[in-house]
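Colleague: Before I rely on the labels attached to this model, I should like to go through the reasoning behind them. May I put some questions to you?

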Amino acid sequence: MNKTTKKTPPPATGADLGSEVRLDLYRLQLELRYCEKRAYDLFLQNLIKGTSHLSLGQEAIAAGFGVAMRKDDWTFCTYRGHAHTLARGASMEGVLGELMGRQCGLLGGKGGSMHLTDVKNGVMGSYAIIGAHLPVAAGAAWSAQYRGTKQVAVCFFGDGTTNIGAFHEALNFAVIWKLPVIFVCENNLYMEYTPIRSVTAVEHPAADRASAYNLEKIVIDGNDADEVYRTAQKYMERAREGGGPALIECMTYRHSGHSRADPGKYRPEGELERWLERDPIKIYRERLLQMGMVEATLKDLETQSMQKVDRATEEAKASPLPSIDDIEKNVWADGGAAWRN
Amino acid sequence: MAQLTYREAVAAGIAQEMRRDESVVFLGEDIGAAGGVFKATVGLFEEFGPRRVRDTPISEQAILGAAMGAAMTGLRPIAEIMFSDFLAVCWDIVANEIAKSRYMTDGQISLPLVIRTANGAGSRFGAQHSQAVENWAMAIPGIKVIAPAFPADVKGLIAAAVRDPDPVIIFEQKSLYAFKGEVPDGECIEEIGKAKVLRRGKDCTIVALALMVHRALAAAEILERDYGISCTVVDVRSLVPLDTQTILAEVALTGRLVTIEENPRLCGWGAEIASIVADEIFWELDGPIIRITTPHIPLPSADLLEDNAIPSVERVVREIRQKID
């Protein structure tokens, strides 16, 4: 896909992953896709307020890591974090309910789209200030290292994040302490509205900076769930065994604009269409058929995934609004908000 | 009772908690092998080793971000930000991340962490190494804010902060580091959120924090001896949570409130206390509230200028004498 792409893992066509993993990857990508599309529809119906940043077109990355991660590993997401949260097993009605400001929301309506968190499934927060969560992920990795638990922290972020200070502080920090953290740059070619190439000194905003931190340059096809999965496994295992962090740049593309407000008009003609040809779900489906999977099996997965999204939507819609009494709850560990006696 | 300096009390408080709880770790710039630029952490690296006392690069966002990530996954980190002025370069982590995470996640994330920082003037370091910024922290919901004035409080409040389930920021006044005071032997722990009445008088109640507590006490001596004005002095100790019960009760007893604040004038912590007193016990007041603060300026460096910018004992005496007589 890209001349400088250095494909560390083997080609993604072998049978080495096994059909169970492959079907998991397919199912998860479908769920992420259908749920994001549903979120968009619910916006149009004014059932979801505020802003929202969809991962449409980028599902292979969240899915590849989601399937590869150990149950007790930690995910750190950005404000574009619906997919990464769902990929760890967070309840879909909890995600949609949060977007809709319902009581069943993962955060009871306190956080919203940009702050999805599900600690019991290892989702340690979605962070809406660019770069802030890279040091936080490093800190979680420090805790795993200190306690000897062999957990790994996986931190997702966009290409735009590579130009903020926290990115550089966190990389240096993680390397000098040899922390079990995987930094995953989803390079979708645009920092919000502006092409990343036009505001960055290097071609690969993450990978071309890796050498400054004594890290390997890794660029992979972020639209190939198999390649993401293999790469995730390889570097997470290395990190678990004390081999330190990795910085992985995944080339991808978002099918929609930066956020709800952005129709993406700044994209050159034909670019979206070219990337739609490389839609991660489309290419994965073709691969599964080539590998001998039965059409009916895939159709079943597609139907089940859509039904899951439909059910979650109905449950979220049926959930009551949060209680006004919740406004002053959970500022402090005692459950309250008192700042004086 | 041992006599410890304020800086020795810092190390003693951290050591007490690290001995007690293996999950307590300490990180910051030059805190380990060097013992801290203010020598407030001498001996910790030797006792607990590099695994628990970790020197970091000059990366304040990484320091506080790492403390946050560690705290949400089972450790109880203490992070040092060398000068409180440097909080400005990692304020995102303090104000947007640490303070808000519990609320935004509806209680899913707990952050039992401590940020220690050297605050305030008196060292002729100029405007970027001398600010009193406790009022910045006080303005952010979700973080506790304490500022001890005495070695015993330093040790006891550090211990309380480490054991607190919520994030706590401790402002240590850097020109108090050499101040000596009695610290109880054995385990020492104070309660966060309690002001302390240090002396009682009948004419006014001076409410002060950190270095200004010492100036308040000295001024109260002079006012009593030379002018017959007797003052109550309350050491606030904790801005969040704020011990309004003690403050309101002590102001009601004298009928006058004086705040002495090292922070610049606008939105200083004394303004909040003045507002609470005016709202809740206005009819107990015998005269206007007096706020004595640093002017609303960046701090100058020259000793003459710095000494005349932050509230001095002489200025406190003068203002109280003029306004209370």
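**Labels and their grounds**

Modeller: Let us begin with one pair: Arg199(B) stands opposite Val233(B) in β11(B). This is a predicted model, in which local features need pLDDT of at least 70, side-chain atom pairs count only at pLDDT 80 or more, and totals for chains, interfaces and linings use all residues. Residues are numbered from 1 along each chain as its sequence is written, while chains are lettered from A and ligands numbered from 1 in the order in which they are written.

Colleague: What makes β9(B) and β11(B) a pair?

Modeller: Two strands pair if DSSP finds at least two bridges between them. β9(B) and β11(B) have 3 bridges, in the antiparallel sense, so the criterion is met. Strands here are DSSP runs of E with at least two residues, helices are runs of H or I with at least four, and both are numbered from the N terminus.

Colleague: Which strands are the edge strands of the sheet?

Modeller: The open sheet has 5 strands in the order β9-β11-β10-β13-β14 (chain B), with mixed pairing. Its edge strands are β9 (196-199) and β14 (290-294) of chain B, each of which pairs on one side only. Neighbouring strands are turned by 25 degrees against each other on average, direction ignored. Helix α12 (residues 313-324) of chain B packs on this sheet, touching β10 (204-208), β13 (257-264) and β14, and its direction makes about 155 degrees with that of β14(B). For such angles, axes are lines fitted to C-alpha atoms, for helices over the stretch in contact, and the values run from 0 to 180 degrees between N-to-C directions.

Colleague: Why does Val233(B) count as buried?

Modeller: A residue is buried if 20 or more other C-beta atoms, placed from the backbone, lie within 10 Å of its own, exposed if 12 or fewer do, and partly exposed in between. Val233(B) has 27 C-beta neighbours inside 10 Å, and therefore counts as buried. Leaving aside residues up to four places away in sequence, Val233(B) touches residues including Leu198(B), Arg199(B) and Ile206(B); contact requires C-beta atoms, placed from the backbone, to lie within 7 Å.

Colleague: Is Arg237(B) buried or exposed?

Modeller: Arg237(B) is buried, because 26 other C-beta atoms lie within 10 Å. Arg237(B) lies in the loop between β11 (231-235) and β12 of chain B.

Colleague: And why is Asn46(A) called exposed?

Modeller: Asn46(A) has 7 other C-beta atoms within 10 Å, so it is exposed. Asn46(A) belongs to the loop between α1 (19-44) and α2 (59-68) of chain A.

Colleague: What makes the backbone at these two loop residues worth a remark?

Modeller: Most residues other than glycine have a negative phi, and most peptide bonds are trans. Phi of Asn46(A) is near 60 degrees, a positive value, and Arg237(B) has a positive phi of about 60 degrees although it is not a glycine. As for peptide bonds, the one from Val240(B) to Pro241(B) is cis, with omega near -5 degrees.

Colleague: How do you know that helix α4 of chain A is mostly covered?

Modeller: In α4 (residues 92-99), 8 of its 8 residues are buried. What covers them includes α1, α3 (82-86) and α11 (295-318) of chain A.

Technical notes: Two residues are in contact if their C-beta atoms, placed from the backbone, lie within 7 Å.
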